[in-house]
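Visitor: Hi! I'm new to reading protein structures. Could you walk me through one?

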Amino acid sequence: MRKLIKNGTVVTATDSYKGDILIENGIIASIGADLSDDAAEVIDADGCYLFPGGVDPHTHLDMPFGGTVTRDDFESGTIAAAFGGTTTIIDFCLTTKGVPLNESVAAWHAKASGKAVIDYGFHLMVGEVNDNVLLELPQIIEEEGITSLKVFMAYKNVLQADDGTLLRTLQLARQQGALVMVHAENGDVIAYLIDKALEEGNTDPIYHALTRPSVLEGEATGRAVSLTELADSQLYVVHVTCAEAVEKIAEARRRGLRVYGETCPQYLTLDVSYLERPNFEGAKYVWSPPLREKHHQAVLWDALWNGSLQAVGSDQCSFDFKGQKELGLGDFSKIPNGGPTIEDRFSLLFSEGVAKGRLTVNQFVDIISTASAKLFGLFPKKGTIAVGSDADLVIFDPNAQRTLSAETHHMRVDYNAFEGMEVIGEPVTVLVRGEFVVRDKQFVGIPGSGQYLRRSRFGQTVNVPPKAAETTERVGP
Ligand code: URP
Ligand code: ZN
Ligand code: ZN
């Protein structure tokens, strides 16, 4: 059955225009003024924007972390994502030293399969580089289309890799056409500061922030940039929170390095004072890197505006306050790090960005969808509205007003990090490959209908100097 969406305003990263969209076999078949098709189901989008579905490049679903497991799995997490206007996620597949990488990838496939209601891909964590990893990684990149590798520079004795591992991962990525992602904080110094704070009897959530100062994010970001330059490789810095890190990325980009950065809704809207909330409520706002002083927010908005940062990922990593965040009562270092953000990422960026005049509506589309699709090898299948692209579409009412709350959200978690925030704009209907997942604000999707995405290599779907794009053959879309 064909579908025809009429009377909406089509918005891409470059254009906004009144247009109708005809969908056939899950693909955008035609875009134009006054399209008609007697056999098609007609959907009226009068007064609404038609956005490409959001691409969230940073999620942690069903992930073991901090002695517990995230509350949202690939079913509840992708349902919440769809309600929020996101139609593609790229989740982090964690690995364990000494365990074959393909076992971890198989485990992540098992978590997602039969559950996801939107499309998904995986990034792969690299915690060590040895002969086995050097043998396995090129195969995984080729066969699984996993073309982004994650190195943690923090979480000492848990996920952290050393600088030699980061350099070798960057070198391998250069050869194979992969994009290296880093969590950039100086894990060794943070471990020392945490021990010192606890020895001195400082156990409250605020010490999470005080032991992870922004200078250590800036330092690690600069170090990752230097190693990227040495390897002539490509780098994507996840969850950038502060002026120090933005400056390192901006400077690298001014020098023509292939360095990219992402921030998250929580760093754009919340600040460190939330960690001081009474009755241990501050634990709800424990992320790594931590929330910062308010003045960093303007720097992040400017960086999105001027292109120093390219994307906003959710860093969805949800834990209940009761029973999970409470693991850190009496010891802030045991509070599971992360929060529920997958559902509100899209609307927060629209409301705080477009409605408040900080971004144009085309910049919004770029940051929420197109840039990630390009960087992570999914464009133009995902990330835009064009003939031949997947019909992943959001019918968005830009005039709706609502209040974000745990009472109305769809994440499987007992609090909302943005509780009480008023937002303008709301996804009304969301389609993935032409099928309704949310229709008139009701869930109508099917768990298991989300498809795994094999992604193209870095340089195939994003503009880079020709020399850097010399990779092996194209995979994926
Ligand atoms: O606090 C966070 N960010 N939790 C998720 C894991 C990570 O570091 O991205
Ligand atoms: Zn991280
Ligand atoms: Zn994360």
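Guide: Happy to; we'll go from the overall fold to the metal sites and then to some single residues.

Guide: This is a predicted model, where local features need pLDDT of at least 70, side-chain atom pairs count only at pLDDT 80 or more, and totals for chains, interfaces and linings use all residues. Residues are numbered from 1 along each chain as its sequence is written, chains are lettered from A and ligands numbered from 1 in the order in which they are written, and side-chain values use heavy atoms, leaving out hydrogens and water.

Visitor: How many helices and strands does the protein have?

Guide: The protein has twelve helices and 19 strands. Those are DSSP runs numbered from the N terminus: H or I of at least four residues for helices, E of at least two for strands.

Visitor: And how compact is the protein?

Guide: Its radius of gyration is 21 Å, close to the 23 Å from the globule rule for 477 residues, so the protein is as compact as a globular protein of that length. That radius is taken over C-alpha atoms, and the rule is 2.2 Å times the number of residues to the power 0.38. The C-alpha trace spans about 75 × 50 × 40 Å along its principal axes.

Visitor: What share of the residues is buried?

Guide: Buried residues are 64% of the 477. Buried means under 20% relative accessible area, exposed means over 50%, and partly exposed is in between (1.4 Å probe, protein chains only).

Visitor: Now the metals. What holds the zinc ion (ligand 3)?

Guide: His58 (NE2), His60 (NE2) and Asp315 (OD) coordinate the zinc ion (ligand 3) at 1.9 to 2.1 Å. Donors are N, O and S atoms within 2.8 Å of the metal (3.2 Å for Na, K and Ca); water is not among the atoms, so sites may look incomplete.

Visitor: What geometry does the site of the zinc ion (ligand 3) have?

Guide: It is tetrahedral, with angles of 86 to 133 degrees among its four donor atoms. Four donors count as tetrahedral if all angles lie between 85 and 135 degrees; four count as square planar and six as octahedral if opposite donors are over 155 degrees apart and all others between 65 and 115; anything else is irregular.

Visitor: Where in the chain are histidine 58 and aspartate 315?

Guide: Histidine 58 is in strand 6 (residues 54-59), while aspartate 315 is in the loop between strand 15 (311-312) and helix 11 (345-354), so the pair ties together parts 257 residues apart in sequence. Both of these residues are buried.

Visitor: What about the zinc ion (ligand 2)? Which protein donors does that one have?

Guide: His183 (ND1) and His239 (NE2) are its protein donors, lying 2.1 Å from the zinc ion (ligand 2). Histidine 183 belongs to strand 12 (residues 179-183), and histidine 239 to the loop between strand 13 (234-237) and helix 8 (243-254), 56 residues apart. This site is irregular, with angles of 57 to 154 degrees among its four donor atoms.

Visitor: How far apart are the two zinc ions, ligand 2 and ligand 3?

Guide: They are 4.0 Å apart.

Visitor: Changing topic: how many disulfides are there?

Guide: Zero. A disulfide is a pair of cysteine sulfur atoms within 2.5 Å. For cysteine 264, the nearest cysteine sulfur belongs to cysteine 317, 11 Å away. Cysteine 264 is buried, at a relative accessible area of 0%.

Visitor: Last one: what does threonine 169 touch?

Guide: Threonine 169 touches Val126, Val129, Leu149, Val151 and Val180, leaving aside residues up to four places away in sequence. Contact means heavy atoms within 4.5 Å. Threonine 169 is in helix 4 (residues 163-176) and is buried at 1% relative accessibility.
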